Amino acid sequence: MFSTNFAHLMATGKKYDVIIIGSGLGGLLCANFLAMRGMSVCLLEKNKQFGGNLQTFSRDKRLFDTGVHYIGGLEKGQTLYQIFRYAGLMEQLKLERMDERFDRILLEGDDNVYSHAQGYTAFQQNLIQDFPEEKHGIIAYCQKIREVCRSFPLYSLRLQSQTKEIYKGNNENAASVIASFTPNKKLQAVLAGNNLLYAEMAIPHLSMFMH
Ligand SMILES: Cc1cc2nc3c(=O)[nH]c(=O)nc-3n(C[C@H](O)[C@H](O)[C@H](O)COP(=O)(O)OP(=O)(O)OC[C@H]3O[C@@H](n4cnc5c(N)ncnc54)[C@H](O)[C@@H]3O)c2cc1C
């Protein structure tokens, strides 16, 4: 059952195995998984429309994404692929692969267009091309990103019992971590370039796992 009306829900007097509050992607998927396991689930949403950050809105006939602009982890075996496949969504999604250079970073007072490329190798090579003198820092930075992703459950799906190392650096600050790999301010800005996607203007406070 999906309800945006708590009073209506109470009036029915019905009992559920699980009540989930919030119908964003997280709530929707949890409800789906539990229902697949035979549980009765009630999903509560405070807004008129369900979907949370998956929604769009329009201004002057232009369509904007509320949150999700693009998604990663959809290669076979990767995290979102596994989750969406388990939910029976993979076959229904009409996905379009983005350009290899999926993000373009423009810096004030600089005519160059910097980019983030898909996959570790391309990402690394692409940045080394733009900042050859920072090669070692870029390689070390990519190793750090790999380490964070490997040890952080969100980016490396496995059973909790199989989780040997859990990411301990939750409080690590992204800006200081980036600065520890390169003193080059322009490269620092390029590496932090897509943090704005997460509405994260206060980049100095952004944590490393979020980055
Ligand atoms: C600006 C922005 C850009 C982003 N860009 C991307 C991107 O490009 N790619 C990507 O993969 N991810 C992106 N994300 C992240 C992505 O949107 C979220 O990870 C994902 O949508 C979170 O889903 P969720 O279910 O946890 O929360 P939400 O989608 O936030 O859903 C929470 C729901 O709970 C409801 N709720 C809250 N409190 C209550 C209550 N008390 N009672 C009832 N209902 C309640 C809310 O109304 C909402 O519908 C972006 C996020 C933002 C903010």
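What share of the 211 residues in the chain is made up by buried residues? In this predicted model, buried residues account for 11% of the 211 residues in the chain. The secondary structure of the chain consists of seven helices and seven strands, and a ligand is surrounded by 22 residues.

**Overall architecture**

- Read from the N terminus, the elements of the chain follow the order β-α-β-α-β-β-β-α-β-β-α-α-α-α, and together they come to seven helices and seven strands.
- Among the contacts in the chain with a separation of 6 or more, 44% are between residues that stand 24 or more positions apart.

**Surroundings of the ligand**

- Of the 22 residues around the ligand, the ones that come nearest are Gly22, Gly24, Gly26, Gly52 and Gly67.
- Helix α2, which spans residues 25-36, contributes three residues to the shell around the ligand, and this is the largest share.
- By character, the residues of this shell divide into 10 that are nonpolar, 10 that are polar and two that are charged.

**The β4 and β5 hairpin**

- Strand β4 (residues 56-59) and strand β5 (residues 62-65) run antiparallel and are joined by four bridges, with Thr56 standing opposite Asp65 in β5.
- Two residues lie between β4 and β5 in the hairpin that these strands form, and Asp60, which sits in the turn, has a positive phi of about 50°.

Conventions: Residues are numbered from 1 along each chain as its sequence is written. This is a predicted model: local features need pLDDT of at least 70, side-chain atom pairs count only at pLDDT 80 or more; totals for chains, interfaces and linings use all residues. A residue is near a molecule or strand if its C-beta atom, placed from the backbone, lies within 6 Å of it. Ala, Val, Leu, Ile, Met, Phe, Trp, Tyr, Cys and Pro count as nonpolar, Asp, Glu, Lys and Arg as charged, and the others, Gly among them, as polar. A residue is buried if 20 or more other C-beta atoms lie within 10 Å of its own, exposed if 12 or fewer, and partly exposed in between; C-beta atoms are placed from the backbone. Two residues are in contact if their C-beta atoms, placed from the backbone, lie within 7 Å. Two strands pair if DSSP finds at least two bridges between them.
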